[in-house]
Amino acid sequence: MTNFKSDFLRILSERGFIHQISDETALDRLFATETVTAYIGFDATAKSLHAGSLIQIMMLHWMQQTGHRPIALMGGGTSMIGDPSFKDEARKLLTPEDIERNLVGIRQNFAPYLNFGDGPHDALMVNNADWLMDINYVEFLRDVGRHFSVNRMLSFESVKLRLDREQSLSFLEFNYMILQAYDFVELYRRHGCRMQMGGSDQWGNIVNGIDLGHRMEDAQLFALTSPLLTSASGAKMGKTAAGAVWLDADMLSVYDFWQYWRNTEDADVTRFLKLYTTLPLGEIERLGRLAGAEINEAKKVLATEITAMLHGRDAAEKAEATARTTFEEGGLSQSLPTVEVPAEALKDGIGILSLFVTAGLAASNGEARRHIQGGAVRLNDQAVSDDRRAVTEADLTPEGVVKLSLGKKKHVIVRPT
C-alpha cells in the first residue's frame, strides 16, 4: 500500500477503493495542496441506481469529507447512446422522456451521501446534455474527432471483446468513448475538474479524456479507478436472483435492502465494512476478527450501517428489529414487505402459485411450482407441498394477514383490503 500524504488517497487506499491511478505521485501532491474537483459519470438507464453503484458514490462521499469538491455527472446526453463497454449487445435506446424521468429518480439517490450547493466544497450535480445535445456535428469532428486514433480505439479491451466474439458494434456506440472523453474536457473548462473516477472497466475511456484534455487544453488531468467488485463466490454486486438491489425505497423495501447486506458471505464482511460504511478501521478490524456464529453480529452491523447511510438510522434499526422478530423470535413482523389483495378474492380462494407471483417471490407460476417441489415454500411458517393449494380466509393469522415465505430469508405479508 502506497504511503499517501493526502487524506483522500490515504483513506481510499486503506479502505480498498483503489485499483489504478494514472500518476499517483502528482495526484497525491495535488490532493495534499489544493481543493480538487473530480467527477464520476452515471448514465440514466433506470429510475434508480443499484447497490453496484455504491462504491462510486462512497468515493464521492469521501472526497467531500476530506475537503474536496465532487461532481456527480448525470448522463442525460450519453444515455441517448448507452455505454457499450463490456456489453455483449447494444443497450436498448431510451427516449428523452425516459431519460428525464430516470434522472429525477437518480438525483434522489445521492442526497444521503453528498451535500450539494454553491460553496467551494459543496457537491455539484451536472448534466452532460447541457453541452452534448447542441453539438454541431461537423465542428465536433474537426475539433474533437481529429484527436482520436481508430487504431487505438480498436485496441481497447471493451471493443476487442465485442469484435473477437463477432458481435456487432455500431458506429453510434463507437462514438460513446469520444463523448465521454469530451465530458472530461467540458468539466475541466466549466468547473476546473482535474480527475475522473470510475470502475476499472472505464480505464480506457478515462485515459482518452486525459489525452484529449492535454491536446485541447494543455491540461494535466488524472484517472482513478476502483476494482470491479464481486462477492467471494463471484456474484456480481448489486444483483440477486430476484433482480437489482435498488437504492430507491419505492423499488426495493428498506427491509429487503438491509437483508441483502445481512446475507453477505463471511469472507466479504471486512472488505464490505471498509468500502460501504464509515466505521473506523479499528472497529472494522474488531468485527472482522469475529468467527463462528459471532460473524452474524458483524453482518448485522454491516447491514444496519449501510442501510442507515442510505435510508436513515431509524429505518435501518426498524429493518434490523423486523429481521430479529422474524428469524430469531419466530414472530410475524408487520413491517415485512407487504402486498395487498382484494378480500373478496380470499373468500373464493387464490391459488398458491399465482399468490407467490403477485407477492414478487416468483416470476411465474412455473417458477413457484419448482420452489414448492423443492420444499422452499411456506405459508404461515408451514411447508406447502401441494401446488394446487388455494389460500383462503381460513389461512389468515390472528393479525388478519397471510405470511408467505421462500426459503429462510424471503418473507412477504399478504394483507386483504
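Guide: The expected span of a helix is 1.5 Å times one less than its number of residues. The model discussed here is predicted.

Visitor: How do you know that the span of helix α3 agrees with the expected one?

Guide: Helix α3 (residues 54-65) has 12 residues and should therefore span 16 Å. Its end C-alpha atoms are 16 Å apart, which agrees.

Visitor: What makes α3 mostly covered?

Guide: Buried means under 20% relative accessible area, and 11 of the 12 residues of α3 are buried. Among them are Leu 54, Trp 62 and Gln 64. After α3 comes Gly 67, with a positive phi near 90°.

Visitor: Why is the pair of Phe 257 and Trp 261 called edge-to-face?

Guide: Rings pair if their centres lie within 6.5 Å, and planes over 60 degrees apart count as edge-to-face. The centres of Phe 257 and Trp 261 are 6.2 Å apart and their planes stand at 65°, so the pair is edge-to-face. Both residues lie in helix α12 (residues 254-262), 4 residues apart, about one turn of the helix.

Visitor: Why does Phe 257 count as buried or exposed?

Guide: The cut-off for buried is under 20%. Phe 257 has 0% relative accessibility, so Phe 257 counts as buried. Trp 261 is buried as well, with a relative accessible area of 0%.

Visitor: What makes Phe 272 and Tyr 276 an aromatic pair?

Guide: Their rings are 5.6 Å apart, centre to centre, against a limit of 6.5 Å. The angle between the planes is 70°, and the pair is edge-to-face. The two residues are separated by about one helical turn because they are 4 residues apart in helix α13 (residues 269-276). Phe 272 is buried at 3% relative accessible area, and Tyr 276 is buried at 2%. Phe 257, Tyr 260, Trp 261, Phe 272 and Tyr 276 form one aromatic cluster.

Visitor: Why does Phe 171 count as buried or exposed?

Guide: Exposed means over 50% relative accessible area. Phe 171 has 56% relative accessibility, so Phe 171 counts as exposed. Phe 171 lies in helix α9 (residues 171-174) and forms a nonpolar surface patch with Tyr 137 and Leu 141, with about 330 Å² of accessible area together.

Visitor: What makes β9 and β12 edge strands in the sheet ordered β9-β15-β14-β11-β12?

Guide: This is an open sheet of 5 strands with mixed pairing. β9 (338-341) and β12 (382-383) each have a single partner strand, so one side of each is left without a neighbour in the sheet.

Visitor: How do you know that β11 and β12 pair?

Guide: Two strands pair if there are at least two bridges between them. Strand β11 (residues 377-379) and β12 pair in the antiparallel sense over 2 bridges. Leu 379 stands opposite Gln 382 in β12.

Methods. Residues are numbered from 1 along each chain as its sequence is written. This is a predicted model: local features need pLDDT of at least 70, side-chain atom pairs count only at pLDDT 80 or more; totals for chains, interfaces and linings use all residues. Side-chain values use heavy atoms; hydrogens and water are left out. Patches are made of residues with over 30% relative accessible area and no salt bridge: like charges are joined within 9 Å, nonpolar side chains (Val, Leu, Ile, Met, Phe, Trp, Tyr) within 5 Å. Accessible areas come from the Shrake-Rupley method with a 1.4 Å probe; for residues, only the protein chains shown count as cover. A salt bridge is a side-chain nitrogen of Lys or Arg within 4 Å of a carboxyl oxygen of Asp or Glu. Buried means under 20% relative accessible area, exposed over 50%, partly exposed in between (1.4 Å probe, protein chains only). Rings of Phe, Tyr and Trp (its six-membered ring) pair if their centres lie within 6.5 Å; planes under 30 degrees apart count as stacked, over 60 as edge-to-face and the rest as tilted.
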